[in-house]
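Hi,

Here is the structure I said I'd pass along. Have a look first, and my notes on it follow below.

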Amino acid sequence: MNPPELRTERLLLRPLAPADAQALHRLVNDYSVAGNLARVPFPYPEGLAQDWIASTHAQMARGEAFDLAISDSQGALMGCVGLTVKRGASEAELGYWLGRKFWGKGYGREAAKALATWGFDVLGLDRIVASALTDNIASQKVLRDLGFQPQGEGTAHFMSRNRHMPVYLFSMDKPRHAEPAPALPVLLVVAVALVDTDGRILLAQRPPGKALAGLWEFPGGKLNPGEGPETALIRELKEELDIDVTASCLAPLTFASHAYEKFHLLMPLYVCRRWKGMLRPVEGQQLAWVRPNKLEEYPMPPADKPLIAMLREML
Ligand SMILES: Nc1nc2c([nH]c(=O)n2[C@@H]2O[C@H](COP(=O)(O)OP(=O)(O)OP(=O)(O)O)[C@@H](O)[C@H]2O)c(=O)[nH]1
């Protein structure tokens, strides 16, 4: 089984790398983190991170456990999330932790949801179980929010505390696909591939603080109420890049359709080769002119990925 790499709205779940050892040690060697984890010693020995990271790759290759790094969209380590396969591969145990500075922002829920969904859809699990210390209210809430059902109380040995501790047990069965997914609101966003005389395409980097910060995207944005798509795009290009574009220079190219967690993005992508004015980053955003065959080197929002191959073929 190939190690999974999953992107969520704000996170990248990826295999751990040897270079993560130092950050992992720093984040987990904190009693407020390790004390909530059954299989993590405290203090956490310096060399253990390296060994554990190596063991995660061996376990993934054998299909026994899938422990991934929770990182920001740039790859910086924030914590870990894992599924340990049990009972002839139909069941797995979910576990996760985040460094203390990443608590309280919904990252645990986002990461656990993505890996649990992958476990049901790709590993073919029928059931996922999990447990949380009886006083770990935050972790219990994450599990409940994800649809885990309480299954009573038990005890587990906590290496970090060197004793048995009371835990609440939870489980979630594979969702039945016959039930239609609840409809997400559709968000219409217009975007454009601006192409210069050398055939390069303009990408803009999403600024810090916004959803999907740091990822590269096509200029554009949401429609204002009552606004048509071309008018919205012409307005956005003036606001973001200080260029003047006419509707006749906007040729429809393709579109993106992608379910994010809170909305379904529908994004017509135009292509434009002619504009007036000196293009400049009005909002201080980073800009890059990128050749079509180099687009893959720029991390983009999940919705944009299918557009890259299309752009390469169509331009
Ligand atoms: N402009 C643009 N938006 C994209 C692309 N891909 C993609 O998923 N999106 C999403 O489409 C939405 C664009 O909205 P926007 O740029 O008007 O608004 P925003 O999220 O920056 O926030 P804002 O409401 O504060 O302006 C965002 O959710 C963004 O993540 C893309 O290539 N270009």
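**What I found**

Asp-67 stands opposite Gly-82 in strand E4. That puts us in the pairing of E3 with E4 (residues 77-86), which is antiparallel and runs over seven bridges. Before going on: this is a predicted model, so read everything here with that in mind.

The hairpin made by E3 and E4 has four residues between the strands, and Gly-75 there takes a positive phi near 105°. E3 also has a partner in strand E2 (residues 11-15), again in the antiparallel sense, with five bridges between E2 and E3. If you want a spot to start from when tracing that pairing, Pro-15 has Leu-68 of E3 as its bridge partner. E3 itself, residues 65-72, is mostly covered, with six of its eight residues buried.

Next, helix H3. Does its length come out as it should? What span should the 15 residues of H3 have at 1.5 Å a residue? For residues 48-62 the expected figure is 21 Å, and the end C-alpha atoms are 21 Å apart, so the two agree. Ala-49, Ile-53 and Met-60 are the buried residues of H3. They cover an arc of only 45° around the axis, and therefore sit on the same side of H3. What do these buried residues pack against? Their neighbours are helix H1 (21-28) and E3, the strand from above. Turn to the other side of H3 and you'll find Asp-51, Ala-58, Ala-61 and Arg-62 exposed. Right after H3 comes Gly-63, another residue to check on your phi plot, as its phi is positive, near 75°.

Last, the part I guess you'll open up anyway: the ligand. It is surrounded by 15 residues, and the closest are Glu-217, Gly-220, Gly-221, Pro-301 and Ala-303. Three elements give two or more residues to this shell: strand E9 (186-194), strand E12 (220-222) and strand E14 (264-272). Which of the elements gives the most to the shell? That's E12, with three residues. Sorted by class, the shell around the ligand has nine nonpolar residues, four charged ones and two polar ones.

That's it from me for now. Shout if anything is unclear.

Cheers

Note on methods. Residues are numbered from 1 along each chain as its sequence is written. This is a predicted model: local features need pLDDT of at least 70, side-chain atom pairs count only at pLDDT 80 or more; totals for chains, interfaces and linings use all residues. A residue is buried if 20 or more other C-beta atoms lie within 10 Å of its own, exposed if 12 or fewer, and partly exposed in between; C-beta atoms are placed from the backbone. Two strands pair if DSSP finds at least two bridges between them. A residue is near a molecule or strand if its C-beta atom, placed from the backbone, lies within 6 Å of it. Ala, Val, Leu, Ile, Met, Phe, Trp, Tyr, Cys and Pro count as nonpolar, Asp, Glu, Lys and Arg as charged, and the others, Gly among them, as polar. The expected span of a helix is 1.5 Å times one less than its number of residues. The arc is that of the directions from the helix axis to the C-beta atoms. Two residues are in contact if their C-beta atoms, placed from the backbone, lie within 7 Å.
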